[in-house]
Amino acid sequence: ARGATVVIVCRDGERGARAQREIAKEGGHVELELADLASPTVVHALGARILARHDRVHALVSNAGALFWERRVAEGGVEATFATNVLGGFVLAHALLPALVRAAPSRIVHVTSAAIYGQRLDVDGLLELGGRPHRGALAYARTKRAQVELSALWAERLTRLGVTSNAAHAGVRAMPGTAEMKRLYLRPAAR
C-alpha cells in the first residue's frame, strides 16, 4: 500500500479481514468491501459505494477468480464461472471508469491464468450452448481466455482516455484445481 488507499473486495469477510490486516502492514489505508462479483446487481452497488468515497481510481486490479467443478448458475441465469471471472471484473471496471478517467494516466489489470494458453475464445463454450456439459477446468480456462481477449478490446478503446487495460498471469502455483488443469496448461498454444 505504501501510503496509498487500497480497496479490496472479497466474498468472504473473514478472509477479507485477514488480507486487509496483511496489506495494512505495508502502510497506507486499506478498505474492505464484501461483494459477490458473480452478481451484476451487487457489482453495480459496489461500484457506486467506491465512487461515493473516491473520485479517482489510479489502478484497478481485477483478481477475482472461481472454478466450479459442478455447474452453478449466477444471477440472470449466467454460468457462475463466467459471471465471476469475466462479467464481474468488466462490470466493475465499467462502473469505476469515470474515476479511472479522472485519475489518468490509470490502469486496469485483469489477472488471468496459464490456462489461457490451451484455449481459443469460444463464445458458445463460455455460454455452454448446444447442450454442452459443464467441465469445471475447461469453463475456467475459457473464462480466462475471454478476460485476455476483452482486455485487449478495452485497451484499444480506453487508451484515448488515458486508461490502459492489460491482462497478465502471475505464474502457476499449487492451488486447488491446478493438478486437474495440468493438461490444459500443457496443450499447444492457442492462436
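**Entry 1: helices on the sheet**

I began with helix α3, which lies across β3, β4 and β5 and runs at about 165 degrees to β4. I then turned to α5, which packs on the sheet and touches β4 and β5. The direction of α5 makes about 160 degrees with that of β5. I note for the record that the model is a predicted one.

**Entry 2: the sheet**

I looked up the strand order and found an open sheet of three strands, arranged β3-β4-β5 with parallel pairing. The edges are occupied by β3 (59-62) and β5 (163-168). Each of these two has a single partner strand, so one side of each is left without a neighbour in the sheet. I also recorded the twist: on average, neighbouring strands of this sheet are turned by 15 degrees against each other, direction ignored.

I next examined the pairing of β3 with strand β4 (residues 106-111), which is parallel and extends over four bridges. As a specific case I looked up A59, whose bridge partner in β4 is R107.

**Entry 3: α3 against α5**

Two packed helices are described by the angle between their axes and the distance between the axes. I therefore looked up both quantities. The axes of α3 (residues 80-102) and α5 (residues 136-158) come within 8 Å and cross at roughly 20 degrees. Angles under 35 degrees count as roughly parallel, and α3 and α5 are therefore roughly parallel to each other. I noted the crossing of α3 and α5 as right-handed.

I then listed the residues that make the contact. From α3 they are T81, F82, N85, V86, F90, A93, H94 and L97. From α5 they are A139, Y140, T143, K144, A146, Q147, L150, S151, W154 and L158. By class, the residues of the contact of α3 with α5 comprise eleven nonpolar, six polar and one charged.

**Entry 4: residue A80**

I closed with A80, which is found in helix α3. Is A80 buried or exposed? The relative accessible area of A80 is 6%. Buried means under 20%, so A80 is buried.

Which residues is A80 in contact with, leaving aside its neighbours within four places in sequence? I found F68, R72, V73 and A74. I also looked up the separation of A80 from S39, a residue 41 positions apart from A80 along the chain. The C-alpha atoms of A80 and S39 are separated by 9.0 Å.

Conventions
Residues numbered from 1 in each chain as written. Predicted model: local features only at pLDDT ≥ 70, side-chain atom pairs only at ≥ 80, totals over all residues. Heavy atoms only, no water. Axes fitted to C-alpha atoms, helices over the stretch in contact; angles between N-to-C directions. Parallel < 35°, antiparallel > 145°, perpendicular 65-115°, else oblique. Left-handed = near helix turned anticlockwise from the far one by under 90°. Contact = heavy atoms within 4.5 Å. Nonpolar A, V, L, I, M, F, W, Y, C, P; charged D, E, K, R; others polar. Pairing = 2+ DSSP bridges. Buried < 20%, exposed > 50% of the residue type's maximum accessible area, 1.4 Å probe, protein only.
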